[in-house]
Amino acid sequence: MNDNVHIGLHEECGVFGAYDLDGGMIAPSVYYGLFALQHRGQESCGIAVSDTNGPKGKVLSCKGMGLVNEVFHPENLEELKGDIGVGHVRYSTAGASIPENTQPLVLNYVKGTLALAHNGNLVNAPELRRKLVQTGAIFQTEIDTEMIAYHIARERLNTKDVEGAVRNAMQKMKGAYSLIIMSPRKLIGARDPFGFRPLCIGKRENTYFLASESCAFDAVNAEFIRDVLPGEIVSITRDGIKSDTSLCQKKLARCIFEYIYFARPDSILDGMSVYNSRIIAGKILAQEYPVDADLVAPVPESGNIAALGYAMESNIPYGTVFVKNNYIGRTFIKPKQSVRESSVKIKLNVIRDVVEGKRIVIIDDSIVRGTTSEKMVRMLRDAGAKEVHVRISSPPFKYPCYFGTDVPSSELLIAYGHSREEICNMIHADSLGYLSLERLGELMEGKEEYCHACFSGNYPIHPPKEDIRGDFDK
């Protein structure tokens, strides 16, 4: 896990769209949908709406830095009058955390207006951007989404509808993208042919929804219908929903870390339960790295479900040793070097009475640089733990991710160049165990259609020759 206030890795963002075919005001539903997806991004958020019965091309939007409940309030939601809308929550993996990079992006062009929300990273983004700049494009942001919008706008000049423009633009893009696009009369969802990032469809009475995760549908009392297929384009209009699967392919590469950490445990992604995947991960860890101990405990919240699986398999009692401070918000003032340890202790604190004299197994989703893990082991020992055994519900991170996750370059990864035994010594644990790469597929119910490049170095798409992932100096 990272050595910063945010304990754990981060995913780029979450997207949510809605279309009330009866003409009802949609902004409140988008707000609640984004609230359910807040775990996917806490830096900025936004909502854009269009009234299909009003002036064509008029889009109202509200965006800002901060959490959903910080940016939106009853007054500005009331102003977002429209029956079709798209929303976004962001954590930056490419492009700085600044107001200009907030989404959805609203674009006015010769055919009208588009609003886009995007999750993922394009590996050929620098190349596509250079070509656009050379032909006169002027960029206002640093994010891939603006480049995607430009391509859709240009392709729209040569196609009969927006769906055709999206399809043509997709054929130029390489990498990870789940898109929700709002035109004045349509809501469109599109997913890259590898299916790196999730996208699904829901419905409540006569309202259709698109979302990164199915848990967002529960927040708006909607029914999960199905996942958007990798490579599929779905279009929602007053005539209902249409599908274009012409770009679908056999080779898939869904992100395995969605199941290990990113997604909420109450979500179903591509027909598979995130909760069950994490239970399986914990059980595998108990099988591969058993240990005599008095208590199994998670690092909250990322290790909660895997720790339960470990306890179930090992018959070691499940308990709580860390209390998480849920009231920090997005940021807090970094302490001076003399009290730098506070960055972890403010976030987590140890329950001394539970730990003292006990042999503790702690479960977490990952170790990135190792500094935070070392501090937590030390905190447990300072609280009187007799032994501290660390179990990780993923294989060692050895390679960077280019598909919308902030796994940094290899030289910043403790597992790159260090053995498990060396890492165990570096974090001062009594033992250390990672989920084996060979059994990773069991989290996906035996399916081999997933991306494990950050663990194996086997990328489904050739990685870019230049860094596309932004600043990782954390």
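## Strand exercises on a predicted model

Strand 12 and strand 13 make a hairpin, with 2 residues between them. Keep in mind that this model is predicted.

**Exercise 1.** Work out how strand 12 pairs with strand 13, and over how many bridges.

*Solution.* Start with the direction: strand 12 and strand 13 (residues 240–244) run antiparallel, joined by 5 bridges. Then pick out a pair: Ile-236 sits opposite Ile-241 of strand 13. Now look for another partner of strand 12: strand 8 (residues 186–191) also pairs with it in the antiparallel sense, over 4 bridges. There, Gly-189 has Val-234 as its bridge partner.

**Exercise 2.** Decide whether the residues of strand 12 are buried or exposed.

*Solution.* First, a reminder: side chains in a regular strand alternate between the two faces of the sheet. Next, sort them: Ile-233, Ser-235 and Thr-237 point one way, while Val-234 and Ile-236 point the other. Residues on both sides turn out buried, that is, under 20% relative accessible area. With 5 of the 5 residues in 233–237 buried, strand 12 is therefore largely enclosed by the rest of the structure.

**Exercise 3.** In the open sheet of 4 strands, find which strands stand at the edges.

*Solution.* Write down the order, 17-20-21-22, with parallel pairing. Strand 17 (295–298) and strand 22 (431–434) each have a single partner strand, so they are the edges and one side of each lacks a neighbour in the sheet. On average, neighbouring strands here are turned by 20 degrees against each other, direction ignored. Now go inside the order: strand 20 (residues 359–364) and strand 21 (residues 387–392) pair over 6 bridges, with Ile-360 partnered by Val-388. Finally, add a helix: helix 13 (residues 371–382) packs on the sheet, touching strand 20 and strand 21.

Methods: Residues numbered from 1 in each chain as written. Predicted model: local features only at pLDDT ≥ 70, side-chain atom pairs only at ≥ 80, totals over all residues. Heavy atoms only, no water. Buried < 20%, exposed > 50% of the residue type's maximum accessible area, 1.4 Å probe, protein only. Pairing = 2+ DSSP bridges. Axes fitted to C-alpha atoms, helices over the stretch in contact; angles between N-to-C directions. Contact = heavy atoms within 4.5 Å.
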